[in-house]
Structures are given as structure tokens and as C-alpha cells.
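Q: Could you take a close look at one part of this model for me, the salt bridges, and then walk me through what surrounds them? I'm in my first year, so plain words please.

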Amino acid sequence: MNKTQRDEIEAALKQAEAFVKEVKGSVGLPIVPDAKTGAATWYDQRELRLKYTVSVEKTRRFFEGLADGRIMATRCRRCGELYFPPQDFCSRCGSEDVEWIELSDVGQLLTFTVINVKPMSFSHYQDYTVGIARMPEGINVLAWVDGDPKKLRVGMKVKLKVVRRQPENYLIYEFEPVE
Amino acid sequence: MSSRRVGIIGAAYSKFGDRQDVNLAELTWEAFREALQEASIDKDEIEFTVVSNVGAWSSEPLPAVVVSEAMGLRPKGSVRVEAACASGSAAVKLAHDIIAAGQAEVATAIGVEKMKESPTPLVVEFIGRAGNYMWEFENFGLTFPGYYALYATAYMAKYGVKEEDLCEVAVKNHYYAARNERAQFRNEINVERCMRSPYIAWPLKLYDCSPITDGAAAVILASEDYIRKHGREATWILGIGSATGTSNMSKRQDFTSLDASVVATRSAYSKAGIDPGNPVKSIDVAEVHDCFTIAEILAYEDLGFAKRGEGLKLLKEGETYKEGSIPVNLSGGLKAKGHPIGATGQSMIAELHHQLLGKVGGERQADIRRGVALAHNVGGTGHYAYVTVLSLHKEVEA
């Protein structure tokens with residue numbers, strides 16, 4: 001496995017922690033020079049971990065659909081507005097009468113990018129491609145695009161599929177180019 | 001709807017960049033003290049304080065209180081506002097509206113951001129989350145450069161634009177930042193150097209991106225009555241347009257224009273009496289939201305400075321340089337002056353206030369003929385948009 005950005009980040013943080021520990025040991029204060037400016041900075045002695053629990057009660061059917069390999073959207077029975085991501089009320093007409101529909105699996109790639117510099121919580125992945133495709137129903141889906149990004153072109157056909165994301169091992173959808 | 005005219009009597013921004021030599025309050029003080037000096041008022045005359053700060057990467061969760069205490073503005077009322085990268089313009093709008101509604105004679109909008117308190121990967125994480133967390137970040141790990149890269153790819157495909165072309169924006173903005181002593185980057189660059197820089201979110205490279213910045217900016221606003229009574233020098237707010245885009249990128253119909261930016265522009269032009277068919281003829285100088293090179297090109301078109309697909313042509317023909325028909329980002333822009341998220345809006349407005357009054361001076365001073373300037377401030381990736389029109393006069397001259 002190639003070295004990831006996370007390995008680099010963790011190595012840098014470990015080095016910083018070790019330095020602060022040494023300074024505290026000798027001087028008695030967690031004050032270290034800023035790497036760029038040399039200004040005195042207080043190295044925080046408190047740490048905060050963030051992990052949210054988000055309700056998916058109203059959109060359970062979407063997640064249950066993934067287990068069957070289906071990507072679901074919702075449609076307002078009153079005005080016909082389509083929702084992806086799915087929601088159980090209609091922002092357009094105010095109705096709460098929505099039905100679940102399965103999306104077609106082949107869409108047209110509108111745009112894409114390759115994430116080279118990653119967020120901390122994605123830094124264990126190799127570079128990944130994010131694309132947005134227009135589906136035949138007239139709505140767009142944003143997801144990772146599998147395969148070599150050099151072979152991707154705006155306007156090409158891409159297919160939605162359900163995969164297990166590793167290393168977390170959970171179901172999610174992604175695109176793959178249609179040959 | 002009739003409301004009172006509001007003017008700006010003092011404005012300033014701090015030196016932007018790596019500012020770990022100061023904490024949040026000390027950084028704010030640099031900008032506030034200068035704005036107060038220009039306004040030549042007693043700080044006790046300020047009746048309300050709006051503080052823009054996005055935070056999370058910095059340690060103070062109640063920045064409006066920290067700022068009010070340190071600036072000596074308490075116990076008057078205050079609030080912190082968030083409109084992502086447009087927070088500063090949102091703060092100016094609220095301070096403006098409070099005065100326009102007759103709820104205060106003098107109010108201030110103060111922006112501050114201390115992004116250097118956290119390591120870069122964590123800042124990348126926080127900004128990447130600023131879209132739709134559950135549907136676009138949690139599973140797909142977008143970053144802020146990634147969001148704009150989606151626009152860049154679509155724009156390049158539609159109009160046959162190359163990466164080299166986008167670099168031209170960075171070249172212009174570094175040119176002016178090199179002449180702005182408060183800018184983060186004081187170096188000129190060329191297209192080759194930009195092209196050699198590493199990819200951050202293909203097709204955007206390091207030099208296509210605005211940096212992570214510490215900075216503060218303050219704007220002091222007053223009612224027309226106050227300004228007349230005290231004989232203050234002022235620039236006038238002719239109109240502020242605002243709009244909100246979709247949280248989910250997937251809900252956008254088109255990736256070659258920012259809807260929110262178009263709606264905010266239309267509203268601002270209408271309020272200010274600017275012809276949307278030919279705004280260039282009414283405006284002397286503009287600061288636009290160039291968080292990425294592609295964003296400046298989109299801004300030219302969304303503001304009507306160029307037709308669709310012709311934004312690059314406007315730049316390449318030199319029209320957005322100081323000598324051109326519509327100088328843009330003579331401060332160096334977000335790209336090179338720096339982008340302290342919550343302070344960017346006030347820094348644009350402070351810059352334009354001084355441009356209109358001829359106080360910028362030197363190589364960056366625009367020719368002020370019509371006395372009108374425009375600040376275009378986008379929050380997130382077209383999640384919010386604010387367009388503010390300033391003038392030396394209380395009306396646009398026909």
C-alpha cells in the first residue's frame with residue numbers, strides 16, 4: 001500500500017507533540033515557535049473529537065434500498081417534484097405526500113474533479129474522483145467515479161452502482177464509465 | 001420600501017497572512033483601531049456590533065463577545081453572523097439594515113478569522129464540510145477546491161478553455177498583491193510557474209487557489225443624518241443584493257455560472273440604478289470573489305462584465321487590469337491578498353471605500369470617474385452571494 005496523506009499528517013503531528021513534550025519538560029510551558037513566523041504559540045493542551053449521529057429515520061428506505069442494489073429518490077405525489085437526495089416532504093409545494101421511486105442507472109457525466117489534497121478524514125484514501133451526472137429522470141447525482149480519471153470526458157455515459165466502501169466496509173453508490 | 005441612506009465613514013483591514021504573532025482579539029484591534037481613526041468618532045457612539053467569523057478552526061466559539069470586550073464596545077448589543085466566505089458582506093448588510101431601519105445611527109461590521117490556529121489538513125476538512133455534509137461530504141470527501149474544480153471542468157469543456165488560461169487570473173492578482181503591503185503574497189508569478197504548481201483538485205493547481213489566511217477587517221457605518229450633522233467624509237451604500245444557492249451541488253442545473261451570484265447581482269443593480277445590460281459603463285472598480293481562478297471568470301460573467309463564455313477574453317484583453325474598462329481585484333483579490341473567510345467581505349468593502357476616496361494611491365489606485373465601486377462576495381460554492389454597490393454620490397449619475 002502506498003503512503004497516504006494520513007501517514008504524512010500523523011508523522012508531522014507526532015513530531016510536533018514530541019517537541020512540545022520536550023519543551024514542557026525543560027521550560028514548563030507548552031509554548032513553541034510557529035513554524036512559519038517564529039512567533040510564540042501556545043500548543044493546546046485540550047483536544048476535541050467530533051463524530052455526529054445524524055437522523056436517517058425519514059429516509060430509511062433509501063438506505064435499505066442500497067442493500068438491494070437500488071438507488072432511490074422521492075417524488076411529490078401532488079406536484080411531481082423529484083428529490084435526490086430523497087426527502088419526505090416537498091419544499092416546492094409543501095405537500096407531505098411523497099412516493100419512493102428507483103432511479104435509472106445510466107446517466108450523463110456533467111463534470112468531475114480529482115481530489116488530490118484530501119480532508120483529514122479522507123486522508124487515508126488514494127486520490128479519488130468525484131463526478132456529477134444527470135440521470136434520465138432529470139435530476140443529478142454526485143458520487144465517486146471509479147476508474148482512470150484520464151479516460152473521463154464531460155458528456156460521457158456513466159453507470160450508477162452500489163459498492164461496499166473500504167476500509168470502512170459500508171454500502172454506498174458510485175459511478176463507473178460505460179464502455 | 002423607503003429607508004434611510006447609509007454611508008461608510010471608516011474602514012480598514014489588517015495585514016493578511018500567517019499572523020500567529022497575534023491572537024483573535026489583537027488581530028481584530030489592528031483593523032478596528034484604523035477604521036475608528038478614519039471615522040473619527042468615539043467608539044461609544046457605536047450602537048451595535050455585527051461580527052463575522054466562521055471559526056471552528058480557531059479557539060474562540062463566541063467571537064462577537066471576545067471582540068466586543070476587547071474593542072471596548074460592550075455592553076452594547078452584538079451578534080455573530082455566518083454566510084461562509086460571504087460572512088463579511090452579510091455583516092455589512094445587517095449593520096446597514098439596522099441603520100436603514102432607524103434602529104441605530106452608527107453600527108460596525110467587524111470580520112476576523114484565525115485559520116492558522118489549526119493544521120492545514122483540518123482546515124481543508126472544515127471547508128470541505130461547507131456544502132452538504134451528509135450527502136456530499138460524508139461519503140465523497142469533497143474539498144473547497146474540489147467544489148470549484150467541478151465548475152472549472154464544466155466551464156473548460158463548454159468553452160474550450162485551458163488550464164493555462166485560468167492561470168492568467170492568478171498572474172493578474174499576484175501582480176497587484178505584490179503592490180499591496182497588506183497582502184499575504186507579495187510576489188509576482190507567471191503562467192509557467194502556475195502551471196508547474198501541484199494539483200490540489202484537478203484541474204485546479206496550487207496557484208489557482210486562494211490561501212489559508214489570518215486576517216481582520218472592520219467597516220463603520222452611519223446614517224445620512226449622522227454623516228450630514230457631523231460633516232463626515234463617506235462613501236454611500238447604493239444597494240446590497242443577496243441570494244442563496246442550493247446546499248447540494250447535485251441540485252445545480254449548470255456548472256458554468258453561479259445562480260446565487262446572478263440573482264444577487266440583479267437585485268444589487270436594481271437597487272443601485274445600474275443598467276444590467278451594461279454595468280461596466282457605471283462602475284469604476286470592482287473586487288470580485290476569486291477564491292479560485294475559475295471563480296473570477298465566473299464572476300465577470302455573472303456580473304455582466306462579460307458575455308457568457310467571454311470572461312477570459314475580458315481578462316486577456318487587459319480590461320480588468322487597472323488601465324482597462326473595469327479594473328478587478330486591484331487589492332490582489334482573495335487569490336493573493338488572502339482569504340480570511342469571515343473578514344474577506346469587509347476587506348473588499350474597505351478596499352473599495354478607499355479606492356473611491358482616492359486613498360489607495362500608488363500603482364493600485366483606480367481612476368475614479370463615475371464614483372461607483374462594486375464588491376462581489378460569494379459564500380461557499382455559490383451557497384451564498386452578496387453584491388454591494390458603493391458610491392461617492394447618493395445616486396448613480398445617469
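A: Sure! Counting over all chains, the structure holds 41 salt bridges. Keep in mind that this is a predicted model.

Let's start in chain A. A:Glu81 pairs up with A:Arg92, and their closest N and O atoms are 3.2 Å apart. Where do these two sit? A:Glu81 is in the loop between strand S3 (72-76) and strand S4 (82-83) of chain A, while A:Arg92 is in the loop between S4 and strand S5 (98-102) of chain A, so the pair ties together parts that are 11 residues apart in sequence. As for cover, A:Glu81 is partly exposed, with a relative accessible area of 28%. A:Arg92 is exposed, because its relative accessible area is 56% and the cut-off for exposed is over 50%.

Now hop over to chain B. Here B:Lys172 forms a salt bridge with B:Glu296, and the closest N and O atoms are 2.8 Å apart. B:Lys172 belongs to helix H7 (residues 163-177) of chain B and B:Glu296 to helix H11 (residues 293-302) of chain B, so this pair ties together parts that are 124 residues apart in sequence. Buried or exposed, what are B:Lys172 and B:Glu296? Both B:Lys172 and B:Glu296 are buried.

Another chain B pair is B:Arg308 with B:Asp302, whose side chains meet in a salt bridge at 3.0 Å, N to O. B:Arg308 counts as partly exposed, at 39% relative accessibility. B:Asp302 has 6% relative accessibility, so this residue counts as buried. Some salt bridges also share partners: B:Arg4, B:Glu105, B:Glu224, B:Asp225, B:Arg228 and B:Lys394 are joined into one network that way.

Next, a polar contact that involves a tyrosine. The side chain of B:Tyr13 makes a polar contact with the side chain of B:Asn180, at 3.1 Å. You'll find B:Tyr13 in strand S1 (residues 6-13) of chain B. B:Tyr13 is buried, with a relative accessible area of 6%. What does B:Tyr13 touch, leaving out residues up to four places away in sequence? The list includes B:Ala31, B:Asn180, B:Arg182, B:Lys337 and B:Glu351. B:Thr235 is 222 residues from B:Tyr13 along the chain, and their C-alpha atoms are separated by 17 Å.

Finally, back to chain A for a helix. Helix H1 (residues 5-27) of chain A has 23 residues, and from its first C-alpha to its last it reaches 33 Å, close to the 33 Å expected at 1.5 Å a residue. Which residues of H1(A) are buried? They are A:Ile9, A:Val20 and A:Val23. Here's a handy rule for reading a helix: an α-helix has 3.6 residues a turn, so residues three or four places apart point the same way. What covers the buried residues of H1(A) includes strand S1 (31-33) of chain A, together with helix H4 (120-128) of chain B.

A:Val27 is also found in helix H1 of chain A, but A:Val27 is exposed, with a relative accessible area of 59%. Together with A:Leu29, A:Ile31 and A:Trp42, A:Val27 forms a nonpolar patch on the surface, with about 400 Å² of accessible area. Right after H1(A) comes A:Gly28, with a positive phi near 95 degrees.

Key:
Residues are numbered from 1 along each chain as its sequence is written. Chains are lettered from A and ligands numbered from 1 in the order in which they are written. This is a predicted model: local features need pLDDT of at least 70, side-chain atom pairs count only at pLDDT 80 or more; totals for chains, interfaces and linings use all residues. Side-chain values use heavy atoms; hydrogens and water are left out. Helices (H or I, at least four residues) and strands (E, at least two) are DSSP runs, numbered from the N terminus. The expected span of a helix is 1.5 Å times one less than its number of residues. Buried means under 20% relative accessible area, exposed over 50%, partly exposed in between (1.4 Å probe, protein chains only). Contact means heavy atoms within 4.5 Å. A polar contact is a pair of N or O atoms within 3.5 Å; within protein, one must be able to donate a hydrogen and the other to accept it, and residues adjacent in sequence count only if both atoms are side-chain atoms. Patches are made of residues with over 30% relative accessible area and no salt bridge: like charges are joined within 9 Å, nonpolar side chains (Val, Leu, Ile, Met, Phe, Trp, Tyr) within 5 Å. Accessible areas come from the Shrake-Rupley method with a 1.4 Å probe; for residues, only the protein chains shown count as cover. A salt bridge is a side-chain nitrogen of Lys or Arg within 4 Å of a carboxyl oxygen of Asp or Glu.
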